[in-house]
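Please look through the structure below before reading on. The paragraphs that follow begin with a single residue and then widen the view step by step.

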Amino acid sequence: MSSKPSVDELLWSWPSVCKAVKDEWARGFALSIAKASKRRNWAPTAKQYAIMHRLVSDLYDKRGDFDLIED
């Protein structure tokens with residue numbers, strides 16, 4: 001699937017990103033996004049979205065494969 005995740009999908013994983021990120025700059029960025037996302041009608045800039053997408057992707061790449069629940 002090549003479609004980009006929505007901002008809500010990225011923010012769903014954001015608490016895990018905030019806990020997992022080790023780099024000082026990335027940690028500050030993650031915490032600032034967490035704070036900003038609480039404001040009404042907030043939306044990330046294109047650059048913020050790209051970094052958010054990369055951080056969430058990195059989070060799941062580091063966790064490795066996970067089992068999906070089958071019907």
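In this predicted model, a good place to begin is Phe29, which is buried, with a relative accessible area of 9%. The ring of Phe29 takes part in a pair with Trp25, and because the two ring centres are 5.4 Å apart and the planes stand at 10°, this pair is stacked; planes under 30 degrees apart count as such. Both Trp25 and Phe29 belong to helix α3, where they are four residues apart, about one turn of the helix. Trp25, however, counts as exposed, since its relative accessibility is 52% and the cut-off for that word is over 50%.

The structure holds two aromatic pairs, and the other one brings in Trp14. The rings of Trp14 and Phe29 have centres 6.5 Å apart, and their planes meet at 75°, so this pair is edge-to-face, a word used for planes over 60 degrees apart. Because Trp14 lies in helix α2 (residues 14–20) while Phe29 lies in helix α3 (residues 24–36), the pair ties together parts that are 15 residues apart in sequence. Trp14 is buried, with a relative accessible area of 2%. Taken together, Trp14, Trp25 and Phe29 form one aromatic cluster.

What is Phe29 in contact with, leaving aside its neighbours within four places in sequence? The contacts of Phe29 beyond those neighbours are Trp14, Gln48, Ile51, Met52 and Leu55. Some of these names return in the largest nonpolar core, which has 17 residues, and in which Trp14, Val17, Phe29, Ala30, Ile33, Met52 and Leu55 are those with the most contacts inside it. The elements that give two or more residues to this core are α2, α3 and α4, the last of which spans 46–63. Of the elements, α4 gives the most to the core, with six residues.

Seen as a whole, the protein has four helices and zero strands, and its elements run α-α-α-α from the N terminus on. Of the 71 residues in the protein, 27% are buried. Among contacts between residues at least 6 apart in sequence, 56% join residues that are at least 24 apart. The accessible surface of the protein comes to about 5900 Å², and carbon and sulfur atoms account for 53% of that surface.

Notes: Residues numbered from 1 in each chain as written. Predicted model: local features only at pLDDT ≥ 70, side-chain atom pairs only at ≥ 80, totals over all residues. Heavy atoms only, no water. Phe/Tyr/Trp six-rings, centres within 6.5 Å; stacked < 30°, edge-to-face > 60°. Buried < 20%, exposed > 50% of the residue type's maximum accessible area, 1.4 Å probe, protein only. Contact = heavy atoms within 4.5 Å. Areas by Shrake-Rupley, 256 points an atom, 1.4 Å probe, with all protein chains shown as cover. Core = buried A, V, L, I, M, F, W, Y, C linked by side-chain atoms within 4.5 Å.
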